[in-house]
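The following note sets out points for discussion on the structure shown below. Each point is meant to be read beside the sequence and the coordinates.

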Amino acid sequence: MNLEKMFRKIYIILFLSFHFICKAVDIEESNMRIIEVIIKNEHYKVELEDNKSADIFLERLPLKIKVKELNGNEKYGIISKKIPSDRSYSGNIEVGDLMLYGDDCIVLFYKSFYTSYSYTKLGRIVEKDRLQKNISETDHNLEIIFTK
């Protein structure tokens with residue numbers, strides 16, 4: 001009988017531990033901030049970074065930006081209201097990275113590469129493969145719409 005009680009206690013402890021671990025994962029995932037970006041009538045999810053610049057960017061949505069091509073790997077657009085930046089050395093840029101250059105230039109990268117420039121990370125597009133197929137350097141003047 002004592003052995004049975006001990007196994008029940010172990011089972012309850014394991015069950016409760018598993019339950020709390022699952023809840024912690026749910027809480028962490030629910031804190032992820034997702035916005036939407038529309039490019040050439042295609043909708044993409046963007047996971048925002050957890051920083052002050054991304055917070056302010058989120059407050060400014062919806063936002064429509066006319067972007068231009070640069071270097072065969074990025075689209076950039078100037079915004080009218082500046083966003084405080086917290087630039088850091090980026091190194092490797094990945095497809096789908098959404099960055100702030102300076103305090104008024106939104107940059108969306110559609111190719112991966114190495115850079116010596118410094119950016120403030122705002123977020124990243126989740127559907128990287130679709131983005132890379134949808135955007136190219138021949139798209140010189142695009143309109144990008146960011147929404148909550």
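Two strands are taken to pair where DSSP finds at least two bridges between them. By that criterion S2 and S8 form an antiparallel pair, joined over three bridges. The model is a predicted one, and the points below should be read accordingly.

1. Overall architecture. The chain contains three helices and nine strands. Taken in sequence order, these elements give the pattern α-β-β-α-β-β-β-β-β-β-α-β. Of contacts between residues at least 6 apart in sequence, 62% connect residues at least 24 apart.

2. Burial and surface. The chain has 148 residues, and 36% of them count as buried. The area exposed by the chain is about 9600 Å², of which 55% is supplied by carbon and sulfur atoms.

3. The hairpin of S1 and S2. Strand S1 covers residues 34–39 and strand S2 covers residues 42–48, and the two pair in the antiparallel sense over six bridges. Within this pairing, Ile35 has Val46 of S2 as its bridge partner, and Val37 is placed opposite Tyr44 of S2. Two residues lie between the strands of the hairpin, and Lys40 adopts a positive phi near 50° there.

4. Further partners of S1 and S2. S1 also pairs with strand S9, residues 141–147, in the antiparallel sense over four bridges. Here Glu36 faces Thr147 of S9. S2, for its part, is paired with S8, and Glu47 stands opposite Arg124 of S8 in that arrangement. In a regular strand, side chains alternate between the two faces of the sheet. The bridge partners named in this point and the previous one may usefully be inspected with that rule in mind.

5. Ser53 in helix H2. Is Ser53 buried or exposed? Helix H2 spans residues 52–59 and includes Ser53. The relative accessible area of Ser53 is 3%, and the residue therefore counts as buried, the limit being under 20%. Setting aside neighbours within four places in sequence, Ser53 contacts Ile83, Pro84, Ser85, Asp86, Thr120 and Leu122.

6. Phe57 in helix H2. Phe57 also belongs to helix H2. Its relative accessible area is 0%, so Phe57 is buried. Which residues does Phe57 touch, not counting those up to four places away in sequence? They are Ile35, Leu48, Leu63, Ile83, Leu98, Ile106, Leu122 and Phe146. Phe57 and Ile106 are 49 residues apart in sequence, while their C-alpha atoms lie 9.9 Å apart in space. Ile83 and Leu122 appear among the contacts of Ser53 and again among those of Phe57.

7. The largest pocket. The space in the largest pocket comes to about 190 Å³. Strand S4 (74–78), strand S7 (105–109) and strand S8 (113–125) each give two or more residues to its lining. The lining consists of Leu70, Asn71, Asn73, Glu74, Tyr76, Tyr101, Cys105, Val107, Phe113, Thr115, Tyr117 and Tyr119. S8 provides the largest share, with four residues. Sorted by class, the pocket lining comprises eight nonpolar, three polar and one charged residues.

8. The largest cavity. How many cavities of 30 Å³ or more does the structure hold? There is one, and the space in the largest cavity is about 30 Å³. Strand S3 (63–70), S4, S7 and S9 each contribute two or more residues to the lining of this cavity. The residues concerned are Ile65, Val67, Lys75, Gly77, Ile106, Val107, Leu108, Ile144 and Phe146. The largest share comes from S7, which supplies three residues. By class, seven nonpolar, one polar and one charged residues line the cavity.

9. Links between these sites. Val107 lines the largest pocket and also lines the largest cavity. Ile106 and Phe146 belong to the cavity lining, and both are touched by Phe57 of H2. S9 contributes to the cavity lining and is also an antiparallel partner of S1. S8 gives the pocket its largest share of lining residues and pairs with S2.

Terms used: Residues numbered from 1 in each chain as written. Predicted model: local features only at pLDDT ≥ 70, side-chain atom pairs only at ≥ 80, totals over all residues. Heavy atoms only, no water. Buried < 20%, exposed > 50% of the residue type's maximum accessible area, 1.4 Å probe, protein only. Contact = heavy atoms within 4.5 Å. Areas by Shrake-Rupley, 256 points an atom, 1.4 Å probe, with all protein chains shown as cover. 1 Å grid on protein atoms, 1.4 Å probe; cavity = no way out; pocket = protein on both sides within 12 Å on 5 of 7 lines; lining within 4 Å. Points joined across faces, edges and corners; volume = space filled by probe spheres on them. Nonpolar A, V, L, I, M, F, W, Y, C, P; charged D, E, K, R; others polar.
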